[in-house]
Number of protein chains: 4
Amino acid sequence: MSTITVPTTTQTKPSGLYRLAARRDPEQRTIVRVGEATFGGGEPTIIAGPCAVENREQTLASALAVRAAGGQLLRGGAFKPRTSPYSFQGLGEEGLAILAEARELTGLPIVTEALEPDQIPIVARYADMIQIGARNMANFPLLRRAGQSGRPILLKRGMSATVEEWLMAAEYILAEGNPNVVLCERGIRSFDPLLRFTLDLNAVPLVRELSHLPIIVDPSHGTGRRSLVRQMSIAAIAAGSDGLIIEMHPDRDAALCDGDQSITPEELTEIVTATRVVGAALSPVWAA
Amino acid sequence: MSTITVPTTTQTKPSGLYRLAARRDPEQRTIVRVGEATFGGGEPTIIAGPCAVENREQTLASALAVRAAGGQLLRGGAFKPRTSPYSFQGLGEEGLAILAEARELTGLPIVTEALEPDQIPIVARYADMIQIGARNMANFPLLRRAGQSGRPILLKRGMSATVEEWLMAAEYILAEGNPNVVLCERGIRSFDPLLRFTLDLNAVPLVRELSHLPIIVDPSHGTGRRSLVRQMSIAAIAAGSDGLIIEMHPDRDAALCDGDQSITPEELTEIVTATRVVGAALSPVWAA
Amino acid sequence: MSTITVPTTTQTKPSGLYRLAARRDPEQRTIVRVGEATFGGGEPTIIAGPCAVENREQTLASALAVRAAGGQLLRGGAFKPRTSPYSFQGLGEEGLAILAEARELTGLPIVTEALEPDQIPIVARYADMIQIGARNMANFPLLRRAGQSGRPILLKRGMSATVEEWLMAAEYILAEGNPNVVLCERGIRSFDPLLRFTLDLNAVPLVRELSHLPIIVDPSHGTGRRSLVRQMSIAAIAAGSDGLIIEMHPDRDAALCDGDQSITPEELTEIVTATRVVGAALSPVWAA
Amino acid sequence: MSTITVPTTTQTKPSGLYRLAARRDPEQRTIVRVGEATFGGGEPTIIAGPCAVENREQTLASALAVRAAGGQLLRGGAFKPRTSPYSFQGLGEEGLAILAEARELTGLPIVTEALEPDQIPIVARYADMIQIGARNMANFPLLRRAGQSGRPILLKRGMSATVEEWLMAAEYILAEGNPNVVLCERGIRSFDPLLRFTLDLNAVPLVRELSHLPIIVDPSHGTGRRSLVRQMSIAAIAAGSDGLIIEMHPDRDAALCDGDQSITPEELTEIVTATRVVGAALSPVWAA
């Protein structure tokens with residue numbers, strides 16, 4: 001008789017593989033603080049801003065719009081990972097300085113991406129939270145350096161990473177002594193041509209089941225379609241997400257990147273309001 | 001210079017391809033009535049019950065539990081599509097008769113699957129709504145016969161169907177003169193071994209953007225993990241789903257199929273409550 | 001400590017799940033005969049012809065071209081599974097009669113698809129081999145009826161079916177007493193927009209490891225790009241495929257369906273020649 | 001009537017996006033030389049060796065086995081990208097020195113991976129060809145530094161990268177003035193639990209259609225199943241691959257990583273022989 005592999009997708013075994021990231025008991029939840037914002041503390045936390053720091057004006061306008069909408073952190077890329085070498089690659093340190101000025105202006109902590117280990121120190125100098133992008137989820141030297149940075153890390157899921165591979169990537173950061181990791185679901189690669197990526201909200205309760213780390217959701221990259229951002233934001237909060245990171249541009253048709261998935265300041269305000277409504281409605285449900 | 005040709009199926013074009021399923025204007029929404037239940041009318045509608053009709057006792061107990069939990073329709077399979085020819089294949093007409101008795105007892109309309117064109121008449125005789133399963137989404141003769149049945153149809157998405165292919169499947173039913181189609185997202189095939197399928201909530205706002213048909217969500221098959229059912233149910237409603245179809249079993253460890261993804265009557269009650277809370281909280285948001 | 005599923009993708013256990021399809025020992029290989037053609041007998045067997053039987057002229061011209069190119073069977077659809085209800089659905093029985101006439105003319109056995117259980121008898125009356133298409137791989141009533149037909153069956157892999165689910169589908173046919181099943185790999189759904197489907201040649205050695213059934217490959221649907229058909233045909237034979245099924249049209253720009261992936265009679269001749277060269281070169285290698 | 005918008009990344013357009021990587025005419029083919037080995041020159045070139053450099057003995061034994069089997073280059077990892085931070089991470093520079101000694105002993109050029117920009121200089125000092133792994137295909141700073149290294153680069157495809165994204169990654173290297181890029185297909189992420197990855201041989205003719213760069217295939221990572229390596233190697237050559245990179249271990253059950261997909265020296269010898277047979281048989285076919 002022939003023999004054959006049958007995967008046992010629902011069996012369980014102890015997962016020493018990510019021993020720091022694994023939840024030890026149902027009550028264990030890590031809270032990550034970035035300035036006055038917290039991830040994992042109950043209320044959804046909103047990060048918003050443009051894909052890229054394009055110039056001083058656009059960035060300051062974005063920051064004011066994020067604050068006015070009720071967002072708690074400003075995002076914006078100074079070092080941009082671009083599929084083509086001929087696309088706009090970001091303003092580099094000049095962009096970081098603009099972000100810092102936006103923080104001065106608004107009081108919003110800033111989140112921005114580092115693309116290689118040697119960028120970690122400079123990004124750590126300007127930013128309040130360092131983003132590791134989806135393309136770098138398995139860039140292990142970068143994860144290690146992020147673990148040594150002293151800054152909270154926003155770790156995006158790789159576009160075809162399993163949830164356990166993602167937790168293992170977090171483990172690289174935690175193992176360097178940095179406990180402040182926020183996970184971010186940002187869409188997986190799938191087959192429907194109407195979506196740029198397929199936002200995988202299943203990851204939210206799955207991560208909460210397996211890990212004590214906070215998790216937020218990026219509905220902008222996660223769908224690539226601005227028309228879906230509002231509803232997927234609300235759904236993410238209802239699924240138990242600790243927050244959102246949303247691409248918003250004060251003049252999205254002029255955006256240097258990701259205009260198709262950027263929303264307006266007005267839409268951001270609506271989303272923040274809606275997530276508060278849902279969060280408030282669900283808090284007795286979660287508590288029950 | 002090299003040029004790239006892309007398959008015509010992914011190019012931008014007016015969707016004359018599903019002209020009956022396509023939404024003509026933002027206000028157009030179809031409401032499908034099944035007994036006293038409605039899909040698309042605002043309030044989320046809950047279908048629940050066991051994977052299979054196993055016997056009279058289990059089915060009547062399920063029906064009573066669904067009604068007690070606040071569900072509006074009873075599901076249960078009499079003809080089961082099973083991967084292995086050696087697995088339990090369902091009770092057939094005897095199962096349909098048991099479902100009818102459960103309706104007598106509880107007043108709940110029943111939804112059950114037909115696997116082939118010749119089963120449509122007998123299923124239509126007993127059931128209030130006929131389910132076309134994911135494996136049969138592109139079984140075109142079955143879709144046509146479903147279109148001629150006079151019964152509302154619950155059309156599940158194929159496990160690797162694009163949203164447009166799914167709307168085209170609905171078009172087969174509509175084109176036979178049956179306007180009562182409810183779409184059901186039930187998970188797509190993806191790569192994470194922790195999930196049986198990947199519930200694709202993006203499909204909810206996407207279908208609402210493209211079509212006037214109601215859409216509901218199956219978090220049980222869509223994840224294959226009972227621990228995710230509650231949160232993905234709430235997220236589905238928050239994404240704009242018109243309802244849910246949930247596998248519940250009064251004694252899930254004894255279930256003949258799908259025990260791993262079945263919830264208890266108590267969990268169903270909690271979910272119905274939570275979806276009402278979310279639905280009520282969001283109704284002013286949707287209206288805005 | 002948290003516990004978690006870890007799939008054991010390389011462990012093995014006895015697979016009673018497809019006991020008739022499973023290979024009992026390395027020497028066990030089934031040979032399926034269709035007229036004078038054989039599948040599994042060593043030499044690659046080529047099936048070719050148009051997507052659809054469009055009319056008498058096109059079909060007879062196709063059959064002559066297949067024979068001239070060295071192909072052993074003629075394919076052509078009389079009942080077509082089309083994504084849109086408004087696309088050409090095939091000529092039905094008239095198409096079957098045309099195929100039979102083409103067989104008269106050329107001596108080539110014919111392979112054509114049945115879409116529903118009730119079509120099996122009429123297709124069996126005209127055709128030498130009955131095709132079950134990818135969309136119907138898990139249409140279990142159709143598989144059962146195919147098992148009762150007395151005809152050899154060409155069973156295409158579902159577009160997101162695992163190899164074991166596919167062998168389980170074959171088991172439905174075998175369990176009805178029909179041992180003459182030829183498997184056909186035809187591309188899986190994946191993410192690259194340059195391909196209609198992703199031809200999965202891994203399935204060839206994997207099926208040969210797990211099963212005694214012959215397996216052939218469809219490089220036309222499997223890629224959706226005519227420019228890839230020649231090289232993927234040769235690769236399929238080198239991977240151990242028992243044959244090919246190729247879409248060829250005498251006037252492909254006028255084809256009613258699948259023109260983008262159809263090749264010319266001249267290209268078919270080259271492919272048949274190349275596969276013989278590879279088959280001959282590799283036969284001592286396989287024997288070693 | 002509703003209209004559908006498709007993400008711009010999938011629309012038809014001239015590929016100015018990878019203008020250096022794009023093939024300008026059907027005759028344009030780049031040949032990359034590494035020591036006496038060539039990629040793209042007609043004969044398939046075989047790279048083989050262990051997953052990791054574990055120690056001097058194992059590496060020298062591997063090198064001798066590769067040479068004896070007829071392989072042209074030695075592979076082996078000194079810096080290993082491992083999913084878990086607690087797995088063996090490679091010997092680092094000590095491993096590079098062992099590889100250099102193996103080259104001394106056998107005359108085989110060596111290929112080994114760099115994981116971060118700062119490792120490029122040291123890897124370039126020891127190795128003849130630098131590998132960029134699948135996890136780093138979109139690590140743009142690493143690609144740029146590889147482009148400045150003066151060494152030929154082996155660029156693996158990301159596990160969910162489209163062929164065009166991969167060519168764009170190559171463009172980053174080419175744009176730095178390094179024309180010596182060899183592409184390597186190594187399996188994409190898909191859904192079948194019997195395979196670690198799904199080797200995508202469609203990429204071979206597709207890359208040859210779009211680009212002038214040589215392409216080789218990794219059947220070891222590409223399947224994760226040693227039993228498939230031989231047949232997928234032969235199929236890769238038949239599909240038009242310019243070579244192979246194969247994991248071979250002199251004592252695979254003792255391997256520190258990837259033992260499940262490693263083959264023995266004897267199997268390597270058979271594969272080299274078989275690929276020569278196929279290459280020789282097909283060379284008049286390709287020329288025709």
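User: In helix α9 of chain D, residues 265-287, what span from first C-alpha to last is expected at 1.5 Å a residue?
Analyst: This is a predicted model. Helix α9 of chain D comprises 23 residues, and its first and last C-alpha atoms lie 32 Å apart. The expected span is 1.5 Å times one less than the number of residues. The span in the model is close to that expectation, which is 33 Å.

User: At which residue does α9(D) have a kink?
Analyst: The kink amounts to about 30° and comes shortly before a proline, Pro284(D). The residue at the kink is one of the buried residues of α9(D), which also include Leu268(D), Ile271(D) and Val278(D). The kink lies at Ala281(D).

User: Which elements of chain C are included in what covers the buried residues of α9(D)?
Analyst: Chain D itself contributes β3 (45-49), α1 (56-69), α8 (226-239) and β10 (243-247) to this cover. Chain C takes part as well, and the elements included from it are α8 and α9.

User: Which element gives the most to the side of chain C that touches chain D?
Analyst: The contact involves 38 residues of chain C and 39 residues of chain D. On the chain C side, two or more residues come from each of α5 (163-174), α6 (203-210), α8 (226-239) and α9 (265-287). With 8 residues, the element that gives the most is α8(C).

User: How many residues of the side of chain C that touches chain D are nonpolar?
Analyst: That side divides into three classes. Of its residues, 4 are charged and 11 are polar, while the nonpolar ones number 23.

User: What relation does the superposition of chain C on chain D represent?
Analyst: A rotation of 180°, with 0.0 Å of shift along its axis, superposes chain C on chain D at an RMSD of 0.0 Å. This is therefore the relation of a two-fold axis.

User: In chain C, which residue has the C-alpha nearest the axis?
Analyst: The copies meet through the same surface, because 95% of the interface residues of chain C are also interface residues in chain D. The nearest C-alpha of chain C lies 2.3 Å from the axis and is that of Ala235(C).

User: Which element gives the most to the side of chain D that touches chain A?
Analyst: Here 29 residues of chain D are in contact with 29 residues of chain A. On the chain D side, α4 (140-147) and α5 (163-174) each supply at least two residues. The side contains 17 nonpolar, 6 polar and 6 charged residues. The element that gives the most, with 4 residues, is α5(D).

User: Which residues touch the most other members of the largest nonpolar core?
Analyst: This core contains 394 residues. One of the two residues sought is in contact with Tyr18(B), Ala21(B), Leu155(B), Val181(B), Leu183(B) and Leu213(B), leaving aside neighbours within four places in sequence. The two are Ala170(B) and Ala170(D).

Conventions. Residues numbered from 1 in each chain as written. Chains lettered and ligands numbered in written order. Predicted model: local features only at pLDDT ≥ 70, side-chain atom pairs only at ≥ 80, totals over all residues. Contact = placed C-beta atoms within 7 Å. Nonpolar A, V, L, I, M, F, W, Y, C, P; charged D, E, K, R; others polar. Core = buried A, V, L, I, M, F, W, Y, C linked by C-beta atoms within 7 Å. Buried ≥ 20, exposed ≤ 12 C-beta atoms within 10 Å, placed from the backbone. Least-squares fit on C-alpha atoms with pLDDT ≥ 70 in both. Bend = angle between axes of the 7 residues up to and from the residue.
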